Amino acid sequence: MKELTVDATVENITQVTAFVDEQLEELGCPIKAQMQIDIAIDELFGNIAHYAYNPKVGVATVRVEVVNEPLSVVVSFIDHGVPYDPLAREDPNVGLSLEEREIGGLGIYMVKKSMDEITYEYREGQNILRIRKEIG
């Protein structure tokens, strides 16, 4: 398990992505899975940067773990910001036109669809959001 703690700012998305990609490349992660994880990082870390501590800036920790059977990567996003469960929101109706659809929710919906598992918990003053992607 490896982890990185940085200020939860949009500017640090690149650093977080590079950190996770380094772990994925060591594992020989397929490029398609890596791209899906990178998009999830952009969405999830971006949400933390925009909303967790607004208007202040706090820190967020990104943890990368490898799980066997099936071979998977688990990326956890941990912050001490405002409690918020993005999974509690109803999925957007993607069958509606852009004009008819409510604003928001599409990014987390895309993450849900591209990952094998996504979980959220609020524990000991921390938001903990985990994504799991099979790579084996």
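Modeller: Buried means under 20% relative accessible area. Keep that cut-off in mind for this predicted model.

Biologist: Which residues of helix 3 are called buried?

Modeller: Gly 107, Ile 108, Tyr 109, Val 111 and Ser 114. Each counts as buried, so each is under 20% relative accessible area.

Biologist: What covers the buried residues of helix 3?

Modeller: The cover includes helix 2, strand 4 (117-123) and strand 5 (126-134).

Biologist: Why are helix 2 and helix 3 called roughly antiparallel?

Modeller: Look at the angle. Helix 2 (residues 31-52) packs against helix 3 (residues 106-114) at about 150°. Angles over 145 degrees count as roughly antiparallel. The two helices therefore earn that name. Their axes are 10 Å apart, and helix 2 passes helix 3 in a left-handed crossing.

Biologist: How do you know which residues of helix 2 and helix 3 meet?

Modeller: Contact means heavy atoms within 4.5 Å. By that test, Gln 36, Ala 40, Glu 43 and Leu 44 in helix 2 meet Gly 107, Ile 108, Val 111 and Ser 114 in helix 3. By class, this contact has four nonpolar, three polar and one charged residues.

Biologist: What makes the charged count one in the contact of helix 2 with helix 3?

Modeller: Glu counts as charged, and Glu 43 is among the residues of helix 2 that meet helix 3. Gly counts as polar, so Gly 107 goes with the polar residues.

Biologist: Now the sheet. In what order do the five strands stand?

Modeller: The order is 1-2-3-5-4, in an open sheet with antiparallel pairing.

Biologist: What makes strand 1 and strand 4 edge strands?

Modeller: Strand 1 (2-7) and strand 4 each have a single partner strand, so one side of each is left without a neighbour in the sheet. On average, neighbouring strands are turned by 15° against each other, direction ignored.

Biologist: How do you know that strand 4 and strand 5 pair?

Modeller: Count the bridges. Pairing needs at least two. Strand 4 and strand 5 have seven, in the antiparallel sense, so they pair. One of the partners is Ile 131 in strand 5, matched with Ile 118.

Biologist: How many bridges join strand 1 to strand 2, and how many join strand 2 to strand 3?

Modeller: Six join strand 1 to strand 2 (residues 59-67), and Thr 5 stands opposite Thr 61 there. Eight join strand 2 to strand 3 (residues 72-79), with Val 62 opposite Phe 77.

Biologist: What lies between strand 2 and strand 3 in their hairpin?

Modeller: Four residues. In this hairpin, Glu 69 takes a positive phi near 55°.

Terms used:
Residues are numbered from 1 along each chain as its sequence is written. This is a predicted model: local features need pLDDT of at least 70, side-chain atom pairs count only at pLDDT 80 or more; totals for chains, interfaces and linings use all residues. Side-chain values use heavy atoms; hydrogens and water are left out. Axes are lines fitted to C-alpha atoms, for helices over the stretch in contact, and angles run from 0 to 180 degrees between N-to-C directions. Angles under 35 degrees count as roughly parallel, over 145 as roughly antiparallel, 65 to 115 as roughly perpendicular and the rest as oblique. A crossing is left-handed if the near helix is turned anticlockwise from the far one by less than a right angle, and right-handed if clockwise. Buried means under 20% relative accessible area, exposed over 50%, partly exposed in between (1.4 Å probe, protein chains only).
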